[in-house]
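These are my notebook entries on aromatic rings and their neighbours. I wished to learn how such rings are arranged in one structure.

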Amino acid sequence: MKEIIRIVVSLTVSCIVAAFVMGTVFAITDKAKKHNEHLNVHETVLGLLGYNKANPAPSDLRLFTMYRYIIEDEKTKNLGYMVPVAHEDKEGYELLVINLKGEFVERLRLDIAPEKVAEEPDRKSALRAVIKPPRTFTYADSTIIAKLGGKRLAYLLPGAFPGFKTFIEVMLALDPSFKIMGLEIMEHEEDPGLGGEIEQAYFKNQFRDKSFEKIKGLKVVKEPLPDEYFRYLEADKTKEDMISRKEIAEIKSKYQDKDIYALTGATISSRSVTVGVKTIIKKFTYRVNILDSVIAGQRIPVTF
Amino acid sequence: MKIFRREYLILSVLAVLGLILLGGCKQEHRFIKKTAFKDTNSIVIVFAGPVDEAWAQNTGNYSIYEKPDPDIKLKIGKVSVSPDKRTVVLTFEEDLNQDQPHILNISEIISEGKSLGTAFVKVKKLYFGYLFSILIGAMIINNFVFTKYLGLCVFFGTSQKKSTAVGMGITFTIVIVFSAMMAWFLYQFVLKPYRLDFLQIVVFIGLVSLSVQAVDTILRKLNPALFKAFGVYLVLVIANCIVIAVPLILADNEYNGWESLMLALGAGLGFLIALFLMSSVRERLDLANVPTTYRGLPIAFVVAGLFALAFMGFSGMSIF
Amino acid sequence: MPATTKTNSQLVVNGILNENPIFRLALSMCPAVGISTTVMNGLLLGIAVLFVQVFSSCTISVIRNFIHPKIRIPTYTLTIATWVTVIDLVLAAYMPAAYKEMGIFVKLIVAFAIITMRLEMFACKNSVPASFWDGVGMGLGFMFAMMTLGFVRELLGMGTLFGYDILGFKPLLFFVLPAAGFFCVGIMMAIYNYVELAYNRKKKG
């Protein structure tokens with residue numbers, strides 16, 4: 001009996017100590033983790049817009065995030081856009097409900113501070129206050145809108161689609177005319193050396209500068225990547241000016257309307273990225289046009 | 001008496017499978033018997049009776065969208081009706097994303113001059129097929145030993161003889177199914193709701209030790225003969241990283257109960273397959289003249305590398 | 001095993017050479033095969049293992065007189081799991097990119113047989129400093145093995161080291177493929193065996 005008590009006591013003590021250690025570490029690291037995640041996204045966004053250490057982002061560049069939800073009850077389904085708005089210089093968020101035909105339904109004020117909006121639980125509790133059961137809401141996706149000096153500079157679309165093995169997560173940058181400004185692969189589990197090459201500049205930069213018209217019919221071709229094009233695509237990496245400005249412009253115009261060259265030994269990965277990018281852009285362009293017309297029609301003071 | 005019992009067991013398994021199949025085929029409208037994807041860009045609808053051909057040919061009567069994007073309707077290119085007017089094939093302008101369930105809205109079905117109302121049907125891949133693909137995926141395509149490189153210590157330790165290999169594989173499968181289900185339950189209903197997911201590692205390793213102990217006790221009481229055969233392997237299970245990896249993967253991917261069961265079962269059976277293959281080769285290797293420096297583990301590693309290369313051929317394969 | 005008589009430096013060297021966890025003891029080989037594709041990966045996972053091994057060894061060594069013999073193993077598991085959770089949280093927070101590379105393997109340190117074995121064989125019988133140096137030796141041995149594998153695979157597979165271009169071309173793409181990990185580990189083990197055989201022969205003759 002005495003032994004049992006000793007065992008129980010010592011196990012309890014060690015569990016409490018362990019829990020204390022882990023709890024403390026969690027409390028310390030949790031904030032840093034979230035901060036770093038946001039920083040990572042921020043850096044990717046800046047990278048896609050063409051800013052880096054040598055060419056820092058101008059101070060009047062601002063990023064706004066818009067969240068899309070699906071709002072439904074038993075009968076109807078609507079889309080709800082959480083859009084950043086400014087009322088008399090005070091920034092906040094509003095929920096803009098649009099029906100499936102693209103007509104305005106209602107707008108609801110949300111009680112959420114702009115700096116808290118990035119956290120999913122905070123968004124949920126704000127939405128719960130205005131959307132009462134039986135209406136439910138489910139998160140669909142988000143869009144980042146970059147604004148420079150009062151004008152829209154780019155749309156940044158995070159997205160995911162199935163690759164060769166598991167999901168590939170990407171971030172796409174489109175300019176206001178829906179031309180691709182850049183593609184960044186955020187996460188993937190393709191085979192290293194084969195499908196894993198999708199994260200290399202010579203593949204992902206092929207998407208750069210493709211126009212919206214071209215994207216609609218974008219295909220993958222199984223041809224070897226021409227040498228000069230390879231050098232052009234990898235130009236960001238090489239520090240010394242291996243190719244002149246004139247040459248860059250020449251190669252750019254030559255290959256701008258070409259299809260995507262498949263990676264050797266990873267045609268399926270290349271194809272799934274191309275199709276995935278195509279789908280994301282198509283859906284987005286359809287929606288953003290509707291959203292813009294609703295915003296204009298309702299005179300909603302959006303910040304973007 | 002014993003035979004009867006076995007029959008009951010088989011019957012009940014069949015009944016469960018049938019229920020799952022039925023669940024997968026359930027439709028929301030009585031007049032529509034079946035909907036399914038066909039090829040890359042068409043959907044087949046089978047009606048219970050003949051439908052009006054003029055109605056069926058009108059593309060305006062159908063509207064379809066992917067479940068997460070209710071606002072974006074897909075464009076139907078062509079509708080073809082079979083001679084007996086019971087089957088309608090919708091062909092779309094673009095390829096369908098078959099991983100997503102599609103919602104199909106058929107308005108005012110007209111059959112033999114009567115209107116049968118509007119139907120909302122979900123078009124999706126069979127859920128049973130999805131479960132099966134998880135099972136095969138974990139077992140062969142993403143075999144934990146040869147494509148994920150987990151559980152190697154135990155793998156090399158117990159693959160010298162076929163009998164040991166099979167014993168280890170079976171014991172391992174039982175324990176992993178047991179512990180993965182408990183881990184899934186705890187994670188979904190305790191750790192996640194209370195935001196304690198950082199305790200994953202401690203909780204999962206605790207559960208594994210617990211289930212090993214439980215299987216040990218139960219086996220000892222119920223079937224001493226079996227315990228004698230498999231008891232020795234139980235201790236080794238704890239040192240196998242697959243047994244920790246499976247709950248971690250379950251937690252990451254948010255699988256539901258059935259899917260978790262399939263993944264755990266697939267992982268266990270995959271380990272069994274890997275052990276069996278490896279032990280078959282190593283029994284032969286004992287007879288071969290291997291250079292002294294390569295004897296034992298080094299040559300086993302080279303053989304495992306060859307297996308891994310062979311298993312790479314499965315990668316990316318999709319079933320259903 | 002009674003309390004050790006080896007000096008600190010002998011303990012460290014022992015971990016790297018005589019009892020190298022991967023090539024000699026053949027323990028914790030999953031990461032050696034799975035993520036030794038680059039030197040950087042090897043280094044980072046090595047640091048993580050070093051951390052867990054050293055802290056667990058020290059913890060057990062400190063409380064070795066209070067542990068009830070019957071609950072020895074659960075205590076070890078709890079200790080290791082705690083330190084693994086700590087390093088997991090820290091890496092996820094401060095080095096997200098590297099953490100993503102290593103994937104599930106950081107969490108799997110908890111199932112590494114090598115750590116439990118060192119606690120059972122060494123830390124629960126020896127003083128804190130000796131356990132510390134033993135932990136350092138084992139951790140360094142692991143790191144050394146991982147980095148050697150990473151060095152070979154990265155140089156031959158991608159022609160780079162630590163991400164810097166060394167060769168300018170890719171000699172054998174095969175080495176980056178995951179399956180090549182098995183071959184590399186097998187060949188490294190054979191080399192260790194060969195050195196041992198040659199050494200013994202020299203001593204005799």
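The entries below take up ring pairs, then a ring cluster, then charges over rings.

Entry one: the model. I noted at the outset that this is a predicted model.

Entry two: the total. I looked up the aromatic pairs over all chains and found 34. I recalled that two paired rings are described by the distance of their centres and the angle of their planes.

Entry three: a tilted pair. I turned to W55(B) and Y62(B), whose ring centres are 6.0 Å apart. Their planes stand at 50 degrees, so I recorded the pair as tilted, since that angle falls neither under 30 degrees nor over 60. I found both W55(B) and Y62(B) to be buried.

Entry four: a pair between helices. I then examined F172(B) and F271(B), a tilted pair with 4.6 Å from centre to centre and 50 degrees between the planes. This pair links distant parts of chain B, as F172(B) belongs to helix α5 and F271(B) to helix α9, 99 residues apart. Are these two residues buried or exposed? F172(B) has a relative accessible area of 0%, so it is buried. F271(B) has a relative accessible area of 1%, so it is buried. The cut-off I applied is under 20%.

Entry five: a cluster. I followed the ring pairs that join several residues into a cluster, among them F146(B), Y149(B), F311(B) and F182(C).

Entry six: charges over rings. I located R123(A) over the face of Y67(A), 4.0 Å from the ring centre. In chain B, I found the charged end of K148(B) over the ring of F144(B), at 4.7 Å from its centre.

Note on methods: Residues numbered from 1 in each chain as written. Chains lettered and ligands numbered in written order. Predicted model: local features only at pLDDT ≥ 70, side-chain atom pairs only at ≥ 80, totals over all residues. Heavy atoms only, no water. Phe/Tyr/Trp six-rings, centres within 6.5 Å; stacked < 30°, edge-to-face > 60°. Buried < 20%, exposed > 50% of the residue type's maximum accessible area, 1.4 Å probe, protein only. Helix = DSSP H or I, 4+ residues; strand = E, 2+ residues; numbered from the N terminus. Lys NZ or Arg CZ within 6 Å of the ring centre and 35° of its normal.
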